[in-house]
Structure formats: structure tokens, C-alpha cells
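Good morning, and thank you for making time for this presentation. I would like to go through the ligand site first and the domain arrangement afterwards.

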Amino acid sequence: MSDIPDKTEQYVLHTYNRAPFTLTRGEGMFVYDETGKRYLDFVSGISVNALGHSDPEIAAAVTDQIAQLSHVCNLYYSAPQANLAALLCESSFADKVYFCNSGTEAVEAAIKFARKYARSSGSNPDKTGIVAFTGSFHGRTMGSLALTIKEKYQAPFRPLMPGVSVAPFNDIDAALNLIGPDTCAVFVEPIQGEGGINSATPEFLRALRTACDRVGALLVFDEIQCGMGRTGTLWAYEQTGVQPDMMTLAKALGGGLPIGATLITDAVAAAIETGDHGSTFAAGPVLCRAAEVVLRRVSDAAMLEHVQKMGNLLLDKLRQLNSPHIVEVRGKGLMVGVEMDFEVAPLIPAGYKHGVLLLNAGTHVLRFLPPLIVEPQHIDQLVETLDDILSEITTA
Ligand SMILES: Cc1ncc(COP(=O)(O)O)c(C=O)c1O
């Protein structure tokens, strides 16, 4: 083994536990370590590599753009940013896009926009409250952390941004009790990722929509993990019949390059003025060229149909697994979780031994987020591997 793991641990701040190998290249559904060992990727960089690894069209767009105009800041116009913004708006409920560099920044922007919208549309100076839900993950910077309802992440950093109240996910009565005249926004993931692949019920989202409208609060959908075709429609909210006022995106949007976006309606945009928010790097031309390729490809009807088919196949095959330890198999499209009756952490290194990249969501759920280009043979390989690992565990 090379010195890369030791060098990383010596010089890179340890905020992640890493796999015991060093990846050197990727192609389609697979990545390769420095010994040449191949791993089937059911993680996608946590819902990032929607088109798989080293997609030739992304590579060509990025190479072409970096040679023409690599960076311009937001003091100037550039075609890739305008084109990407238009595509995002034309394919969603939104009228305008605010660009940033990551998921947590997209959430921070949404928090600021909600506050500013409340301030400019009413006379209640206390309308700064935000409602979030148990199991949610919205990021780790100081604003988004206050909405990421997990003690482990929040406790060391208190005091958090004030004004956040928390209802149990999918509990309509509890949510309605919290949404009042002092609420400026409600943040919800249509499908919780980190929280364990939990889908919001359409009734829950409808109730949130009605309550937000009643008190003049904004409904914010965080589709950072579940958007961009992952659930079999371009946006997860399309399957719920409920539209948000704002939506946060990142992860898959840049095809591996760092770009985030907060999509908003004209009504929200009207409250935002020059200087209210900004970012040096946001939506540079190279990032936008990559994102345009991803967005066009994942919006394609054939791609979405493929995600639905592969998602159903994955769910079916996982449900056929004959293990007494499986509590539930759940999810939509290619965002799937298997809840076990034990802590799943040891399954992940077992996956590495079998040449498969696996991921958890919390302590008891194995989460599957393969590239959207996954084919039946990859699903077979995953499920056979899981079957082997689960029987090893049962017989150990
Ligand atoms: C739903 C959701 N929101 C926000 C974030 C934060 O995104 P980032 O890690 O790009 O800051 C994540 C990351 O996992 C996420 O899954």
C-alpha cells in the first residue's frame, strides 16, 4: 500500500473516517484503487455522480470551457451561467436561481431569503422562526446546522441560530401546531437521505403547503440529495403534487464539480436586493457547462424511465433477500434504504472486501445511491454481495 492514507491522516484534518484504500480512477459504475482493484459504486459520492464516473460528455464540456474562459466572477455576464439558470427555471416551479458552491450554502441562502422576504412583506419583526423536522439533514454550517436535527452534529456547537422549532417528520398535527404568525419558513426534504431514506407523505407536504400559505411562510424543499432525477422524476416534489416556494440543490448538479443552487419564485426574488447575498466562485463557466450536461441528461424522459425501472428492480431484488435481520426495504427510484435490526457499520468494510462501495444512513440503514446509469447486472452484483455479507454475519 502506498503512503497516501498515512499522509492524508497526517496532514488532512480528520473529519471523516475513510476506506482503507486510495482511489485513482473511475469509469461508469466503477472506481479503481491503486492496486487496480475494482469497486462497484452504489454510493455515487453520496448522490453526486449521477452520470457515473468520468462521463465523456462532462469531460469534453469542462475541457472545452476551461480552455476558453475558466473563471469569471459575478460582476460579469457569461453564457454558461445564463443557460444553466434558464434550464433550471424552465424545468421546475422556479422563476429565478441563486447560485452557490455546495448544499449547505444553498440552505444558508434559503434561510436568508426567507428572513428577508418576511421582513419585506409584513410588519411583524418577530417573523424569523423556522420549522424543521426530526431526522432532517440540511448541512453543517451555522445556519443549516440549526436545521440539521441531530444531537451529535449540533451539541458541540451550541448556541445555534435561534428561532428553530422541530416537529416529528410526517406528523401533521405537530407541524401545524408549530407553524404560526412568527414562522418565516418551513424546511423539509421530500425524501430524507441522511435521516434513513424516509419519504414525506403527500398529505404531510400538502398540510405544510396549506399552513405556510395561511401564515405567509415560505415552504422550502431541500432536494440536494433527492433531486436531479434520483427518484425517477427530475424533482422529487413532482410525485407529491405540492410545489415549494424555494428549493435547494447541489450534489448531482455539477457532475462532480462544486455547484449549488437555491431556486425561488418571483415573489421571493422581489424581496432580494443587490448585495443581500453573494459568492466569489458561484456558477463559474466551467461548473455551469458541466451542470448543463448533467441537467439535460437527467431530465431526459428515457433516463427518468430508466431510473424508475432500475429503482423498482433494486427494490424488488432487495425485498427478495432472505435475511431475518431486514426490518424494511424502502425508497423511491434509485434512492433506496434497507433498515436492519443491527448497526450496519460493519457491513461497509465487508462490502469493500467484495469490491462494492456501500453507504449507511444513520446507524441502522444501508443506503443505496448508485449512479443513474446503473444496469440490471450491477443490481444483481450488489444484491448477491449483500446476500453473501448478510449470511457471513448470520453465521459468524
Ligand atoms: C438533503 C441535504 N441537504 C444538505 C446537504 C449538505 O450539502 P453539502 O455537503 O454539499 O454542504 C446534504 C448533504 O448530505 C443533504 O443530503
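Let me begin with the ligand. A backbone N or O atom of F137 lies 3.3 Å from a nitrogen atom of the ligand, which falls under our rule for a polar contact, a pair of N or O atoms within 3.5 Å; within protein, one must be able to donate a hydrogen and the other to accept it, and residues adjacent in sequence count only if both atoms are side-chain atoms. Before I continue, please note that this is a predicted model, in which local features need pLDDT of at least 70 and side-chain atom pairs count only at pLDDT 80 or more, while totals for chains, interfaces and linings use all residues. Residues are numbered from 1 along each chain as its sequence is written, and side-chain values use heavy atoms, with hydrogens and water left out.

Oxygen atoms of the ligand also have partners. One is 2.8 Å from a backbone N or O atom of T104, and the side chain of K251 places an N or O atom 3.0 Å from a ligand oxygen. On its own the ligand has 390 Å² of accessible area (Shrake-Rupley method, 1.4 Å probe), and the protein covers 81% of that area.

The residues around the ligand, meaning those with a heavy atom within 4 Å of it, include S102, G103, H138, E189, E194 and D222. By class, the shell comprises 2 nonpolar, 6 polar and 4 charged residues, with Asp, Glu, Lys and Arg counted as charged and Gly among the polar ones.

I turn now to the domains. An automatic or database assignment gives domain 1 as 4–55 + 301–395 and domain 2 as 57–299. Contact, defined as heavy atoms within 4.5 Å, takes 28 residues from domain 1 and 30 from domain 2.

Which residues of domain 1 supply 29% of the area it buries against domain 2? They are D55, K332 and M335, more than any other three residues.

Finally, across this interface the rule finds 2 salt bridges, each a side-chain nitrogen of Lys or Arg within 4 Å of a carboxyl oxygen of Asp or Glu. The side chains of R367 and E194 meet in a salt bridge at 3.0 Å, N to O, and E194 is also one of the residues around the ligand.

Methods: Buried area is the accessible area (1.4 Å probe) that two parts lose on being put together, summed over both.
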